[in-house]
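Q: Please take a close look at one helix in this model. Start with its buried residues, then move on to the ring contacts and the confidence.

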Amino acid sequence: MSRPARASQTRFRESAPRGTRKSGRWQHWTRRAIAILFIFLVPLPVALLLIFRLVPVPITPEIVLKLVTLQPVHQRWEPFGSISPNLARAVIASEDENFCHHHGFDWKSIDDALKSHKRHPRKPLRGASTISQQTARTLFLLPVRSWVRKGLEAYLTVLVEALWPKKRILTAYLNLVDWGHGNYGAEAASEAYFHRSASKLSSDQAARLAAVLPDPDEWRAAHPGPYVETRSSKLVSRSEDVSRDGLDKCVR
């Protein structure tokens, strides 16, 4: 065998272990990444949901982001019994009339939203998120729009519905939802906009708070414009229907 051929074989033998080492390192980091992802997607959310089924949720990713960026945050957890039932009924009427009947997803609303978008493709797809979905998103995710977030939200909604009763889901929602201008939860919003505790909200005030939820930083609950005023009036009537028809029976 010629000297160049022997030299070529020597270089090949020397390079093989190096490539094998690179492959081994890649497999090692892949396994580690999969393990970390598994922890964040299964045991950690389950453990947190079991804990927060019994104790107040102290903070959410969105509140952390606000604090890190030095934006004002006002939030105080109140038990369900310390929040006016007017607000619970108004939120169900506004956000999710089938809250007590579905298991996390309102398939009829989703189907209606898709059909409406098909008829009017230039309009934005109308949201059909349930209170359960919004609670899962608030507990674990940042308010960014992406299909990845939607997928995680669906998975976390299944966990929330499996591990929490409906009253706990609504309690968390009412205490953590963004009511605009750095006010998170019913107590902070009620004090900021009406200068009273959430336990003292009238049906009109509760309807205003529910009416501004789709865009709380733009719409005003304390001094509503024509749209919010009209929507609030409708929500007062729908809240009465919620009570009359037992649509809030799971949280009474």
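A: **Helix 8 and the aromatic rings**

In this predicted model, the buried residues of helix 8 are K166, R168, I169, L170, T171, A172, Y173, L174, N175 and L176. The helix spans residues 166-176. That makes it mostly covered, with 10 of its 11 residues buried.

Two residues on that buried list, K166 and R168, carry charges placed over rings. K166 lies over the face of F99, 4.6 Å from the ring centre. R168 has its charged end over the ring of W164, at 6.0 Å from the centre.

Now the ring-to-ring contacts. How many aromatic pairs does the structure hold? The structure holds one. W219 and Y227 form it, and the pair is tilted. Their centres are 5.1 Å apart, with 50° between the planes. Why tilted? The angle of 50° falls between the cut-offs, because under 30 degrees would be stacked and over 60 edge-to-face.

Are these two rings buried or exposed? W219 is partly exposed, because its relative accessibility is 26% and buried would need under 20%. Y227 is partly exposed too, at 48% relative accessible area, because exposed would need over 50%.

Last, confidence. The protein chain has a mean pLDDT of 86. 76% of its residues reach 70 or more. Residues 7-14 stay under 50. For that stretch the model has one contact beyond four places in sequence. Where pLDDT is low, predicted coordinates should not be read in detail.

Key:
Residues are numbered from 1 along each chain as its sequence is written. This is a predicted model: local features need pLDDT of at least 70, side-chain atom pairs count only at pLDDT 80 or more; totals for chains, interfaces and linings use all residues. Side-chain values use heavy atoms; hydrogens and water are left out. Rings of Phe, Tyr and Trp (its six-membered ring) pair if their centres lie within 6.5 Å; planes under 30 degrees apart count as stacked, over 60 as edge-to-face and the rest as tilted. Buried means under 20% relative accessible area, exposed over 50%, partly exposed in between (1.4 Å probe, protein chains only). A charge sits over a ring if NZ of Lys or CZ of Arg is within 6 Å of the ring centre and within 35 degrees of the ring normal. Helices (H or I, at least four residues) and strands (E, at least two) are DSSP runs, numbered from the N terminus. pLDDT is the predictor's confidence in each residue, from 0 to 100. Contact means heavy atoms within 4.5 Å.
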